[in-house]
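Colleague: Could you take a close look at one part for me, the salt bridges? I'd like the details pair by pair.

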Amino acid sequence: MEEKEISQAVVARLPRYFRYLGELRDQGVERISSGELSVLMGVTASQIRQDFNNFGGFGQQGYGYNVDYLYHEIGHILGLDEEHQLVIIGAGNLGQALANYVNFEKRGFLVKGVFDVNEELVGRQLRGLEIMHIDRLESFMKEHKIDIAVLTVPKDGAIETAKRLADCGVKAILNFAHVDLNVPEGVQVENVHLSDSLMKLSYNIHRYENGHGS
Ligand code: NAI
């Protein structure tokens, strides 16, 4: 099939479809219509059909979607049928929490190395991995095929570290530092700002309390 440009809005919705389909599959559900999926997920059936049409539709009209097939197809589109090797840069609160999160592994995201500048942390064990000094980054990256870096350092060091990671050939950065990274084209960056979600919640609380409904 010819590759067509898919909007990032559609891409952003795929993990949620994948999650719901995984749960349905675990429950032994074999088929689901866009209408049923729409009720379950709280999105319109036409949105679901439009999203899926970007990839050829997946289903048969009137017969619903084959849950297992759709789960695997969306997983394939998301690149989840390959394993991804990760490093975490910054073994503080956030870095440690992420390294300890087992569900990444279940999805094929394997943490292979954790780095920090703090000598007190270097050498400590974090889920079977020894925290390494950031000075070892380049040699480690030469020896391992790492495609994703998780950046959980303060914003001061983040830009420099991202550049080093890009020079080492990392393909993508999950950036928690509150700063825009300046990386070469071809390095994918996903910024995570949990405070943005809190601000959205704050806005919606006020909106609701002021009687505008949800
Ligand atoms: P933390 O202070 O517990 O950990 C940061 C770690 O990074 C420390 O261990 C420090 O030694 C290490 N570090 C500093 N410079 C480094 C470098 N150049 N190379 C390697 N390691 C280095 O901080 P915490 O709570 O883990 O937060 C980490 C960062 O994430 C902070 O910048 C914080 O503002 C940000 N943050 C972002 C959130 C988001 O939603 N985007 C949510 C929470 C925190």
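Modeller: K163 comes out partly exposed at 47% relative accessibility, where partly exposed sits between buried (under 20% relative accessible area) and exposed (over 50%), with a 1.4 Å probe and protein chains only. Its partner D167 is exposed, at 57%. The two side chains meet in a salt bridge at 3.1 Å, N to O, meaning a side-chain nitrogen of Lys or Arg within 4 Å of a carboxyl oxygen of Asp or Glu. Both residues belong to helix α8 (155-167), four residues apart, about one turn of the helix; helices here are DSSP runs of H or I with at least four residues, strands are E runs of at least two, and both are numbered from the N terminus.

Keep in mind that this is a predicted model, where local features need pLDDT of at least 70, side-chain atom pairs count only at pLDDT 80 or more, and totals for chains, interfaces and linings use all residues. Residues are numbered from 1 along each chain as its sequence is written, and side-chain values use heavy atoms, leaving out hydrogens and water.

The whole structure has five salt bridges. One of them joins D68 and R25 at 2.6 Å, N to O. D68 is in helix α4 (67-77) and R25 in helix α1 (8-26), so this pair ties together parts 43 residues apart in sequence. Another links R127 and E105 at 3.0 Å, N to O. Here R127 sits in the loop between β5 (125-126) and β6 (129-130) while E105 is in helix α6 (103-106), so the parts tied together are 22 residues apart in sequence. R127 is partly exposed at 36%, and E105 is partly exposed at 38%.
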